[in-house]
Protein chains: 2
Amino acid sequence: MAKGLLLVISAPSGGGKGTILKELFAQEENLRLSVSATTRQPRPGEENGKQYFFLSREEFETKIQTGQMLEYAEYVGNYYGTPREPVERWMDQGRDVVLEIEVKGGAQVKKLMPECVSIFILPPSMQVLEKRLRGRGTEEEATIQQRLAKAREEIPHAKEYDYVVFNDRLEDAVSDLRAIIHGEKLKFSRNTDSIERVLEHA
Amino acid sequence: MAKGLLLVISAPSGGGKGTILKELFAQEENLRLSVSATTRQPRPGEENGKQYFFLSREEFETKIQTGQMLEYAEYVGNYYGTPREPVERWMDQGRDVVLEIEVKGGAQVKKLMPECVSIFILPPSMQVLEKRLRGRGTEEEATIQQRLAKAREEIPHAKEYDYVVFNDRLEDAVSDLRAIIHGEKLKFSRNTDSIERVLEHA
């Protein structure tokens with residue numbers, strides 16, 4: 001069985017990534033969403049291995065030191081990161097694993113697993129992004145301005161990604177992602193046994 | 001308008017490349033098939049620019065010396081090759097251009113235009129290839145053996161290509177090629193203006 005892909009997907013907040021991924025998962029049953037690890041306390045209703053893997057600070061730091069974290073960051077006194085082992089296990093089972101991640105984490109993963117497929121989801125324009133953020137109707141002006149400023153910082157990092165997908169029409173964005181996945185599986189570098197497979201029956 | 005892709009497609013003879021390309025062209029109207037140049041005499045019914053561009057030896061050699069041939073070879077006293085200008089013109093018009101080419105020519109093109117997308121079409125197995133060659137019912141045993149020997153020589157060159165597509169079921173092979181084309185157009189390296197396009201409307 002061919003090894004699955006590791007898909008690193010980033011997008012500015014408000015870019016509609018959530019909706020796109022939901023639809024992608026509905027259409028591609030071979031996908032699995034990576035679960036992050038954290039040292040923060042579980043909240044009521046949260047299950048270990050579901051929302052997060054809950055680790056002690058010592059466990060988390062050991063995983064960092066032994067290269068078992070694909071990426072991590074510290075945020076308000078707690079660690080957050082992506083444990084390598086479940087990702088690798090799924091890939092070995094032929095599943096394609098999606099890492100939904102910020103640009104700094106994306107860069108760390110690309111370094112550790114250069115064979116990953118990295119995709120940046122872009123809004124069609126800053127105006128559209130602003131409109132979408134306002135359209136939620138739930139956020140204060142200051143929050144909206146913060147998110148826009150963050151998006152302006154993040155978007156230039158698209159150049160560190162393998163692919164860009166515009167989030168204009170939902171169905172186009174999903175079809176773009178599916179074509180990327182389909183095409184990547186046909187790379188010779190992911191099928192190095194293909195020559196032997198053909199010739200050994202000579 | 002985005003520049004078109006240059007698709008370099010190779011396959012062992014008898015691999016069913018003709019059928020696949022015919023179906024691909026039927027489904028993708030943006031494709032153009034590159035026309036080769038030759039120094040051999042036109043045969044009755046052949047038109048310049050249609051089956052071939054017919055060039056004199058001097059014209060052909062000038063094009064080689066000035067880098068205007070993407071690839072070429074000499075065969076039974078005549079030159080055959082791919083003129084660069086019509087390919088570039090189509091690509092600038094946003095068309096995707098298909099070069100149907102042997103492995104030696106494919107390697108030359110990859111060197112001159114590394115941004116090309118190279119695809120090797122593999123038979124599922126040597127037995128299937130042999131069956132297909134015999135199934136034509138038109139060829140003598142010696143010719144079949146020659147083609148099989150040539151295929152065995154060519155297939156290992158698949159490793160020099162970006163992608164491999166198995167010619168098992170026609171519709172799968174065509175869908176594979178379409179996914180490769182679709183995905184390649186989303187590469188950041190082919191959309192380097194995307195960041196500015198989003199941010200300039202900030």
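## Exercises on contacts and salt bridges

A:Lys110 is partly exposed, with 23% relative accessible area. This comes from a predicted model, and the exercises below work through it.

**Exercise 1.** Find the salt-bridge partner of A:Lys110 and say which parts of the chain the pair links.

*Solution.* Start from the side chain of A:Lys110, which meets that of A:Asp162 in a salt bridge, with N and O 2.7 Å apart. That falls inside the 4 Å cut-off for such a pair. Next, place the two residues: A:Lys110 sits in helix 4 (residues 103–112) of chain A, and A:Asp162 in the loop between helix 6 (141–154) and strand 9. The two are 52 residues apart, so the bridge links distant parts of the chain. Finally, check the surroundings of A:Asp162: at 25% relative accessibility, this residue is partly exposed.

**Exercise 2.** Work out what the salt bridge of B:Glu102 connects, and how exposed its two residues are.

*Solution.* The partner is B:Lys150, at 2.9 Å from N to O. B:Glu102 lies in the loop between strand 7 (96–100) and helix 4 (103–112) of chain B, while B:Lys150 belongs to helix 6 (residues 141–154), 48 residues apart in sequence. For exposure, B:Glu102 has 47% relative accessibility and counts as partly exposed; B:Lys150, at 38%, is partly exposed too.

**Exercise 3.** Follow the salt bridges around A:Lys3 and identify the network they form.

*Solution.* A:Lys3 pairs with A:Glu88, the closest N and O atoms being 3.6 Å apart. Since A:Lys3 lies in the segment before strand 1 (6–10) and A:Glu88 in helix 3 (residues 84–92) of chain A, the pair ties together parts 85 residues apart in sequence. A:Lys3 itself is partly exposed, at 42%. Shared partners then bring in A:Arg84, giving one network of A:Lys3, A:Arg84 and A:Glu88.

**Exercise 4.** Describe the contact between chain A and chain B: its extent, its polar links and the elements behind it.

*Solution.* First, the extent: each chain brings 34 residues, and the buried area is about 2,900 Å², with 73% from carbon and sulfur atoms. A:Leu186, A:Phe188 and A:Val198 supply 21% of what chain A buries, more than any other three residues. Second, the links: there are zero salt bridges between the chains, but six residue pairs in polar contact. Third, the elements: helix 5 (126–135), strand 9 (163–166), helix 7 (170–184) and helix 8 (194–199) of chain A each supply at least two residues. Helix 7 gives the most, with six. Last, the makeup of chain A's side: 20 nonpolar, eight polar and six charged residues.

Technical notes:
Residues numbered from 1 in each chain as written. Chains lettered and ligands numbered in written order. Predicted model: local features only at pLDDT ≥ 70, side-chain atom pairs only at ≥ 80, totals over all residues. Heavy atoms only, no water. Contact = heavy atoms within 4.5 Å. Buried area = accessible area lost by both parts, 1.4 Å probe. Polar contact = N/O pair within 3.5 Å; in protein donor to acceptor, adjacent residues only side chain to side chain. Helix = DSSP H or I, 4+ residues; strand = E, 2+ residues; numbered from the N terminus. Nonpolar A, V, L, I, M, F, W, Y, C, P; charged D, E, K, R; others polar. Buried < 20%, exposed > 50% of the residue type's maximum accessible area, 1.4 Å probe, protein only.
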